[in-house]
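Colleague: Can you walk me through this one? I have a few quick questions.

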Amino acid sequence: MAIPQSFIQELLARADVVDIVGRYVHLKKGGANFMGLCPFHGEKSPSFSVSPTKQFYHCFGCGKNGNAISFLMEQAGMTFIEAVKDLAQQYGLQVPEDDVSPQDRAKAAQIREQQATLTTVLEKAGMAYIRNLRSSDRAIDYFKRRGVSGEIAKTFGLGYALEGWRSLASVFPDYNDPLLVESGLVISGEAEEENANGNQGETKRYDRFRDRVMFPIRNIKGECIGFGGRVLGDEKPKYLNSPETPVFSKGRELYGLFEARTALREHGYALVTEGYMDVVALAQLGFANAVATLGTACTAEHVQKLFRFTDSVVFSFDGDNAGRRAARKALDASLPFASDVRTVKFLFLPTEHDPDSYIREHGQQGFAVYVSKAVPLSRFLLEAAADGCDLDTAEGRAHMASNARPLWGLLPDGALKPQLLAEIADRVMIDSRELLQLWQPSASGRKTNYKNNSSSRPSTNNQKAETPKDAGPSHDFPEFSGYPMNLREEADYASSEPYFPPSPVAAGKFSRPAMGANRAPRRVAGRVLPASREDRVLRLLLTEPQSWDRLSTEEHHLLLTLPTPHGPLFAWLEAQLHEHGPQPWAALREALRGHAQEHHAVVQFAEVLEGVDYDWGETRRILNELLELELARERTELAARAATDPAAFKRLRELTEKSRMQTTGQKQ
């Protein structure tokens, strides 16, 4: 959906960034601004400033900055659309949906109301479970034996479901309320069955969770959407989860993600475990960055959600066969997101240990060292492909090549993919060029030739369109609320009015059937203007939206905070990806209608040459240049304040040292 920029401006005018940030960060008045410890990186002295007059936050330690919308996106892991809707709901505003039919609008409103109602019911049950825990010696003793403190129990909202069949009848006045069944709290049987009171002919209804310690499952906004319950003894099933409901899907949600969102940034990685108690115990022992799948195999949606918070994921599994099978499923789910700027590793614990027991025996440092030695995705892929293959025989090597083909094919294009092709080719004793020809007969020799030598660069037979270098625009301090800007104020974009030649044949190489017209390159004084860095990245993402998942969180933040027209377009594109996944241009074009930056996006897509592939290496270079320009701008700003502002001086030293180390590394 396209949200009118006028509404976003109205929303930001009503929202108080101090109030929004203050719900997550303890703020103290310091002069004209409020100060606190930055939620985006670990620090002991406050360098996080929130301005009530500018309605803007900025950290002088890590450089994070933005407004109320961008804060919700960073802190709560929301998409742009989710953050706008959440903020609008808090201030009693209705997000305009002009591009939606009245029927769809009514249906969406009904779904939102239903979801809000169900989370309210689940929150009420969760509070009852917490009260039950305080009065249950057995449940308290269980948590104490597992080393869980009262503080951790409070953080995770741990509780206890009583033994009775209808304990929730004392919590909800109407035990026959359909919402109790719809939320998964109550099970309803057949009418002819005998119910819990022994009455015939009535529908049998009873609590789903009985005599279990309870783990509330929260979404990224902190709302309770379901529960996991564990027996106190050895009865079966040991764990019981809420069923699929309108607010809960175990294939999309991760236990502990809401509680871990800050720790993920502090530790620099997410540790994915197999159970609720693993997450709680790890948080107790200093690893609050742990999350868990909900009794199901890791899915692509799980991985994608994690990469919204961090660029590094470590999967922790038992070292037995079941653990290896679970790891293999996690590998399959992770491969499409294993870009060059992300890290995926696999940790296999000794068979006699789980994370809790390993830390207690070897200490926090010992576990941290063990995590650092986790198996990289590339090595585990090779191990998975070679599993069950006798590499001393031609048949075994051929079998490995067959196993490796679908795994390798899931990888996104980048530096990792050709390196793995070379390693697979070495293992199966085939030249990498021949192996690629076997796997992709139509692509081999046409697009990329990979050598066995991993240090060699892929060559291309296709002639790439030359992309002229330019200095790029110099940006003022990036501010998410700085849109929309009138395009007529920007001379460079005012010169980009589309030109439609009289004959499609005359400009055949620029032809785009979905556009319904052709487009010539923009010219000023008889020469073709070079595209800006931002426009080149925009063209790539409009033609290959899936490339967004190959970018790091730092690059995401950079693009989202660019001035108009680019920042709002990248935010819109991210929202489209999260809601609908990668879409062809025809679908994106329809979704763009009414967007404040529709014209600029259409013009840039018209500049894409037919049949010319974008070079990802060139795109990576452009992004690095944009990051360097942003750092240079920040250094200039800090230098002006360093003499009187200790925090600015400290940040300036950090950036200078970082730049020096990067320069030294490039020279070496």
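Colleague: Of the contacts between residues at least 6 apart in sequence, what share join residues at least 24 apart?
Modeller: In this predicted model, 64% of those contacts in the protein chain do.

Colleague: And how many helices and strands are there?
Modeller: The protein chain has 25 helices and 18 strands. It has 668 residues, and 49% of them count as buried.

Colleague: Start at the N-terminal end. In what order do the strands of the open sheet with β1 come?
Modeller: The order is β1-β2-β3-β4-β5, five strands with antiparallel pairing.

Colleague: Which strands are at the edges?
Modeller: β1, residues 28-30, and β5, residues 65-66. Each has a single partner strand, so one side of each has no neighbour in the sheet.

Colleague: What packs on that sheet?
Modeller: Helix α3, residues 68-76. It touches β3 (48-51), β4 (56-59) and β5, and its direction makes about 45° with that of β4.

Colleague: Back to β1. How many bridges join it to β2?
Modeller: Three, and the two strands run antiparallel. β2 covers residues 33-36. For register, Lys28 stands opposite Met35 in β2.

Colleague: Different topic, β9. How many of its residues are buried?
Modeller: Seven of seven, so to speak: strand β9, residues 212-218, is mostly covered.

Colleague: Which strands is β9 bridged to?
Modeller: Strand β6, residues 159-161, is joined to β9 by three bridges. Strand β10, residues 224-231, is joined to β9 by seven. Both pairings are antiparallel.

Colleague: Give me the register. What does Gly159 stand opposite, and what is the bridge partner of Arg218?
Modeller: Gly159 stands opposite Met214 in β9. For Arg218 the bridge partner is Cys224 in β10.

Colleague: How many residues lie between β9 and β10 in the hairpin?
Modeller: Five. In that turn, Gly222 has a positive phi of about 90°.

Colleague: Now the helices. At what angle do α22 and α23 pack?
Modeller: About 160°, with the axes 10 Å apart. Angles over 145 degrees count as roughly antiparallel, so that is how α22 lies relative to α23. α22 covers residues 585-592 and α23 covers residues 598-606.

Colleague: Is the crossing left-handed or right-handed?
Modeller: α22 passes α23 in a left-handed crossing.

Colleague: Which residues make the contact?
Modeller: From α22, Trp585, Arg589 and Leu592. From α23, Glu598, Ala601, Val602 and Phe605. By class, the contact has five nonpolar, no polar and two charged residues.

Colleague: Why call α23 largely enclosed?
Modeller: Because eight of its nine residues are buried. The buried set is Glu598, His600, Ala601, Val602, Val603, Gln604, Phe605 and Ala606. Glu598 is thus in the contact with α22 and also buried.

Colleague: One last residue, Glu534. Where is it found?
Modeller: Glu534 is in helix α19, residues 533-543.

Colleague: Buried or exposed?
Modeller: Glu534 is buried, with a relative accessible area of 0%. The cut-off for buried is under 20%.

Colleague: And how far apart are Glu534 and Leu623?
Modeller: In space they are 8.6 Å apart, C-alpha to C-alpha. In sequence they are 89 residues apart.

Technical notes: Residues numbered from 1 in each chain as written. Predicted model: local features only at pLDDT ≥ 70, side-chain atom pairs only at ≥ 80, totals over all residues. Heavy atoms only, no water. Pairing = 2+ DSSP bridges. Helix = DSSP H or I, 4+ residues; strand = E, 2+ residues; numbered from the N terminus. Contact = heavy atoms within 4.5 Å. Axes fitted to C-alpha atoms, helices over the stretch in contact; angles between N-to-C directions. Buried < 20%, exposed > 50% of the residue type's maximum accessible area, 1.4 Å probe, protein only. Parallel < 35°, antiparallel > 145°, perpendicular 65-115°, else oblique. Left-handed = near helix turned anticlockwise from the far one by under 90°. Nonpolar A, V, L, I, M, F, W, Y, C, P; charged D, E, K, R; others polar.
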